[in-house]
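Dear colleague,

I am handing over the structure we spoke about, and I would be glad if you could look it over alongside the notes that accompany it. The sequence and the model come first, and my notes come after.

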Amino acid sequence: MVPTVKILDLSKNELNLVWELNKMKGLDLEELWLEGNPLCDTFPDQPTYISAIKDCFPKLLRLDGQELPSPIIIDTDTPCLMKPCKESYKGSDALKNLVLQFLQQYYLIYDSGDRQGLLDAYHDEACFSLAIPFNPEDPAPSSLCEYFKENRNMKKPKEPCASLCVQPLKHTKHNIVGSLCVLPKTQHDLSSFLVDMWFQTETMLCFSVNGVFKEVEGKSQCSVRAFTRTFIATPASNS
């Protein structure tokens, strides 16, 4: 309704997550105020906060009264042929930022308490599996029981516990997000993330992330766990 608005004050509202701003993503805002919203406390530091907001509003010049660096405008309509991974390749920074922005938004939604928002992150025919490095001789595996129900291990498909540890691959985005929704609620430490992009073509990006998270409810509340995730991403019509 207001496509020409340049300055928008949304401070002291009830915006909880940055993805709630996506419905205004088409606005060419130059100044935005968000201070006083819960979403401001979901970022580990100020640069991460600024990066996430500028992803929504790339022409932004001021955020919460703070001057921002001049925006770099990327022509998203121009086809781009991805080259094999080389640190010297001029597009590496753009790809790096793309991957980091994806991970930031993915885990903010994952930790929000409502993981249904992750449906937009998956292809209709996506697949997902979960593997737990579980030692059957461990005397106290109960803290992992919520994860162990989904655990897959192709190496040991005929163990007595096969009914629990060898589940079918999760296929289609609704089955994937449904399985993620039943896992314990978490809070990931974005500052702990170690990210590597290890393969790319013009139609695919493969990258991995290592880090830690804390469970925030249930029997294992406050337990800190390490994780590794591998993502295979393809271009989408709207992203």
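The paragraphs below go from the chain as a whole to its helices, cores, strands and loops.

Please keep in mind throughout that this is a predicted model. The chain contains 5 helices and 10 strands, and of its 239 residues 33% count as buried. Among the contacts in the chain with a separation of 6 or more, 55% are between residues 24 or more positions apart. The exposed area of the chain comes to about 15,200 Å², of which carbon and sulfur atoms supply 55%.

I would start with helix α2, which covers residues 92–110 and therefore has 19 residues; from its first C-alpha to its last the helix reaches 27 Å, close to the 27 Å expected at 1.5 Å a residue. The buried residues of α2 are S92, L95, V99, L103, Q104, Y106, Y107, L108, I109 and Y110. As for what they pack against, the list holds two helices, α1 (46–56) and α5 (173–181), together with the strands β7 (186–188), β8 (194–201), β9 (204–215) and β10 (224–233).

Helix α1 can be read from its own side as well. Its buried residues are T48, Y49, I50, A52, I53, K54 and C56, and the elements that cover them include β2 (31–33), β3 (62–63), β4 (66–67) and α2. Is T48, in particular, buried or exposed? T48, which is found in helix α1, counts as buried because its relative accessibility is 19%, and the cut-off for that class is under 20%. Leaving aside residues up to four places away in sequence, T48 touches F43 and Q104; Q104 is itself among the buried residues of α2.

Which members of the largest nonpolar core touch the most other members? In this core of 27 residues they are Y106, Y107, L118, Y122 and L180. The elements that give two or more residues to the core are α2, α5, β9 and β10, and the largest share, 7 residues, comes from α2. Apart from this core lies another, of 23 residues, which has L39, I50, F57 and L68 among its members. To return to one residue of the largest core, L118 touches Y106, I109, Y110, V177 and L180, again not counting residues up to four places away in sequence; of these, Y106, I109 and Y110 are buried residues of α2.

The strands come next. An open sheet of 4 strands, with mixed pairing, runs in the order β1-β2-β3-β4. In this sheet β1 and β4 stand at the edges with a single partner strand each, so one side of each has no neighbour in the sheet. Within the sheet, β3 and β4 pair in the antiparallel sense over 2 bridges, and R62 stands opposite E67 in β4.

Strand β9 has several pairings of its own, which are worth following one by one. With β7, β9 runs antiparallel and is joined by 3 bridges, and here Q187 stands opposite K214 in β9. With β8, the pairing is also in the antiparallel sense and extends over 7 bridges; a hairpin joins β8 to β9 through 2 residues, and the bridge partner of T201 in β9 is M204. With β10, β9 again runs antiparallel, and 10 bridges join the two strands, with R225 in β10 as the bridge partner of F213.

Finally, two backbone details in the loops may deserve your attention. K12, in the loop between β1 (7–9) and β2, has a phi near 60°, which is a positive value in a residue other than glycine; K12 is exposed, with a relative accessible area of 73%. C222, although not a glycine, likewise has a positive phi, of about 80°, and C222 is placed in the loop between β9 and β10.

With best regards

Key. Residues numbered from 1 in each chain as written. Predicted model: local features only at pLDDT ≥ 70, side-chain atom pairs only at ≥ 80, totals over all residues. Heavy atoms only, no water. Buried < 20%, exposed > 50% of the residue type's maximum accessible area, 1.4 Å probe, protein only. Contact = heavy atoms within 4.5 Å. Core = buried A, V, L, I, M, F, W, Y, C linked by side-chain atoms within 4.5 Å. Areas by Shrake-Rupley, 256 points an atom, 1.4 Å probe, with all protein chains shown as cover. Pairing = 2+ DSSP bridges.
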